[in-house]
Each structure stands twice: as structure tokens, then as C-alpha cells.
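Dear colleague,

I am passing on the structure that follows, together with some notes on what I found in it. Please read the notes with the structure open beside them.

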Amino acid sequence: MGGIMNMYHPTRIPIGSGFGHKQTPLGRRAVHRVRMSLREEGPSVAIVGVTGAVGQEFLSVLSERDFPYRSLKLLASKRSAGKTLTFENRNYTIEELNENSFGDVDIALFSAGGSISKKFGPLAVEKGAIVVDNSSAFRMDEGIPLVIPEVNPEAMEGIKVNNGKGALIANPNCSTIICLMAATPLHRRAKVTRMVVSTYQAASGAGAAAMEELEEQTREVLQGKEPTCNIFKQQYAFNLFSHNAPILSNGYNEEEMKLVKETRKIWNDHNVKVTATCIRVPVMRAHAESVNLQFETPLDEKTAREILSNAPGVVVIDDRAANLFPTPLEVSNKDDVAVGRIREDISQDGNYGLDIFVCGDQIRKGAALNAVQIAEMLL
Ligand SMILES: NC(=O)c1ccc[n+]([C@@H]2O[C@H](COP(=O)([O-])OP(=O)(O)OC[C@H]3O[C@@H](n4cnc5c(N)ncnc54)[C@H](OP(=O)(O)O)[C@@H]3O)[C@@H](O)[C@H]2O)c1
């Protein structure tokens, strides 16, 4: 993948200018006034993988939320080292990540893949940094909090920047975050005993290069050319296929098993039954998920709609008359997870089941926003 200058990304940061759209209620977008978040008393922050899809979103989210920072270090691979990037009216030179990158870092936001996290995460912690990691490297490790701030903030209790101690906190998988943002408020009321998830996952979940590939393939197919397949093994444009994560011996792929295992850890409920089928669809950005829930105690759809309407970070789009429900386009670049198609599961008697359809921007709430919310809780 090339550097930020040639990268396709819907929220690309214009080099040399202010940027960004402030999050507003769904359906509205307002141009964001660039704030100056540089503060003497703030933590020093490093972003590992700043040129990637999630890395770029980190910058947008930090700026939009006016995250206070004393200094900012932008890290990527050798390929990007030396390139300059303007953020909040200051020029930064991207540095190559190495063993000495974390000497003066309080919070390190990692999004450069699992192997980079495995190698450099513990190193950063050793130097006293609090690492918020977007990869799957540490998610299921005992003692590592796996946190969605709206769902289980208590899991990271006591971890604070001013403790002066390094620590590692894992960001859950994007599909898990989007699913649990909607399922948890209902779980709190009626206790979910079984959950069946089917996903429709966007190109952005596979990074900036996958988004480029979908765009290129779409152009090629329309021109009657053979599509270029570098990231995925098969044609992606005008097609869909089972998620590209490796298939395990039980027939599930790794993405599906993340939904199973991470839900249990986040809900601290090792008995909840979860099954999933994860599919990659030719959508540029934002995942959709169909979620079927079975409850221990009855929950009618009217009460469920009320609960979801009041849930933080969730917005209900459920207009049956107009056949208007959440879409990936509607939630792209938005913070909130949208829920609709809220209906009683007619295959279960007595209000013990519900079907919902959920959409969320997985680069934002599924990755960068969730990590920055975690970082805010460290202050
Ligand atoms: N995309 C999502 O929606 C999403 C959601 C949740 C979690 N995640 C996780 O976040 C991580 C990044 O995903 P992404 O989608 O942002 O990928 P991406 O667009 O491919 O970006 C990868 C980033 O990692 C950097 N990198 C690669 N090799 C490196 C090295 N040896 N040293 C330092 N930096 C290196 C790249 O820098 P160069 O530009 O210099 O190569 C780039 O900044 C992955 O672990 C992914 O699973 C992604």
C-alpha cells in the first residue's frame, strides 16, 4: 500500500489543511471547526499505523472529540517514514516504528496488525505507556480488559494515565462491537441466552488497500475487464463471499469465532450461546448485521424499541410504513450504531425472541472511536 498521499479513503485527511466532519445525529452532517487540542497537561499520544484506514480515523476522532494531548507521535512502517502530515494546523513527520518509539509516550493507539501489536505492544507497556490495541493479538488473554465503553467500562477500572504504570487494553473486533452496542441494552433487561448473527461486512474492514481494490474492480468490471484480485482471492465487485478470515477445524472462520468468544468475555457470561456467519459484501464502508436474540425472560418489541431508543450510542431507524431501516451508507462516518427491523421472532412463543438489523461504521465505532473513548477513560 502506498502512503497517505495516494491512498483511497472516504475520510482521507487532506494534507496541509484542517479537516473533518463533526458527528451529529444521524442524517445530519456539519462541518467541524478545527480545535486546538494541544495542551500542556494532556498525555503524550502515539498512533501506530497512522497511515491505515483505522489510523487516519484516529486522527479525525481525536480532533472531533477535542482530545487533549501534550504531544503526538505518528508511527507507521518504513514505507511511510519521512512523509509529512498536517494535523490541527501542525506539520508532523511520520516516523518508522521501532523499539525506541515509546520512551515518552503515555497512551499508544495501535492499529498496524496483530504481529506488530504482539511485538511492540508489550515493549510500549514496559516503557510505561497504556496501549489501546485494535488488533486481535491480546483480546482473549486473561487479565487484558476487552472494552466497549458503553457496555463494560468496569473491565478497565483503575487503569489511568496518572498511575504511571503501563497497561494493555484491547478493542474488541468491529463486528462484535456493532452487535453488542445493540444487543447489550436488551441483554441487560431480559438476559440473552442465545444469539444468532449474520454479517454483511464492508471492504473497509479489511483496510485501506481492500477499499482501493473494490473501487478498482468495480471500474474494471464495468469496463468489461478482468478484475484485479490482490487482497481477496476472488472477484469482490458485484459479488459477495464468505469472510476471508481463515477457516478453523470446526468449520467456523476466525471472524465468526471472535463474535462467539468476545461476546462471552465482554458480557462476562460463559454460558451465552452465540453462533455467527460472516460474509464480505461489496460495500465500501460500514458493516450490517442481522441479529436474532433469544431471552431468558420475555421482552416485547415495543419495550425493546424504547430500550434501544434510550441506549447511548444507538439510534433507532425503524420506519415500517416507509420501509426505511438502517443502511451502511446512512451510518458511514457516524458515531452511532443504527438499529431497525425490530420485530418479534415468530418462531418463538411468548416474546422470548427478537430479530433486529444493525448497521455501524466499523472504522469508527468498530475501531477508532471505541479506542479513543477508552483513551478518554484513562484521563
Ligand atoms: N479496518 C477496520 O475496520 C478495522 C476494525 C477493527 C480493527 N482493525 C484492526 O486494525 C489494524 C489495522 O487495520 P487497518 O484496516 O487500518 O489496516 P490498513 O489500512 O492496511 O493499515 C495498516 C497500517 O499498519 C501500518 N504498518 C504495516 N506494517 C507496519 C510495520 N511493519 N511497522 C509499522 N507500521 C506498519 C501501515 O503503515 P504503512 O502505510 O507505512 O504501510 C498502516 O498504517 C488491524 O489489526 C485490523 O485488524 C481494523
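Cys174 lies in helix α3, which covers residues 174-190, and in this model, which is a predicted one, Cys174 is buried, because its relative accessible area of 13% falls under the 20% cut-off used for that term. The unreviewed UniProt entry places the feature "active site" at Cys174 and His287. Although these positions are spread over 114 residues of sequence, they cluster in space, with a largest C-alpha distance of 8.5 Å.

The other part of the model that I looked at is the surroundings of the ligand. There are 27 residues around the ligand, of which Thr51, Ala53, Ser77, Ser80 and Ser204 come nearest. By residue type, the shell divides into 14 polar residues, twelve nonpolar ones and one that is charged. Both domain 1 (4-137) and domain 2 (176-362) contribute to the shell, each with at least three residues, and among the helices, α1 (53-64) and α8 (364-377) each supply at least two.

Backbone atoms also take part in contacts with the ligand. A polar backbone atom of Val54 is 2.9 Å from an oxygen atom of the ligand, while for Gly52 the corresponding distance from a polar backbone atom to a ligand oxygen is 3.0 Å. For Gly207, a backbone N or O atom lies 3.5 Å from an oxygen atom of the ligand. Of the 890 Å² of accessible area that the ligand has on its own, the protein covers 81%.

With best wishes

Conventions. Residues are numbered from 1 along each chain as its sequence is written. This is a predicted model: local features need pLDDT of at least 70, side-chain atom pairs count only at pLDDT 80 or more; totals for chains, interfaces and linings use all residues. Side-chain values use heavy atoms; hydrogens and water are left out. A residue is near a molecule or strand if one of its heavy atoms lies within 4 Å of it. A polar contact is a pair of N or O atoms within 3.5 Å; within protein, one must be able to donate a hydrogen and the other to accept it, and residues adjacent in sequence count only if both atoms are side-chain atoms. Accessible areas come from the Shrake-Rupley method with a 1.4 Å probe; for residues, only the protein chains shown count as cover. Helices (H or I, at least four residues) and strands (E, at least two) are DSSP runs, numbered from the N terminus. Ala, Val, Leu, Ile, Met, Phe, Trp, Tyr, Cys and Pro count as nonpolar, Asp, Glu, Lys and Arg as charged, and the others, Gly among them, as polar. Domain bounds come from an automatic or database domain assignment. UniProt positions are given in the numbering used here, feature names are shortened, and annotations may be inferred rather than shown by experiment. Buried means under 20% relative accessible area, exposed over 50%, partly exposed in between (1.4 Å probe, protein chains only).
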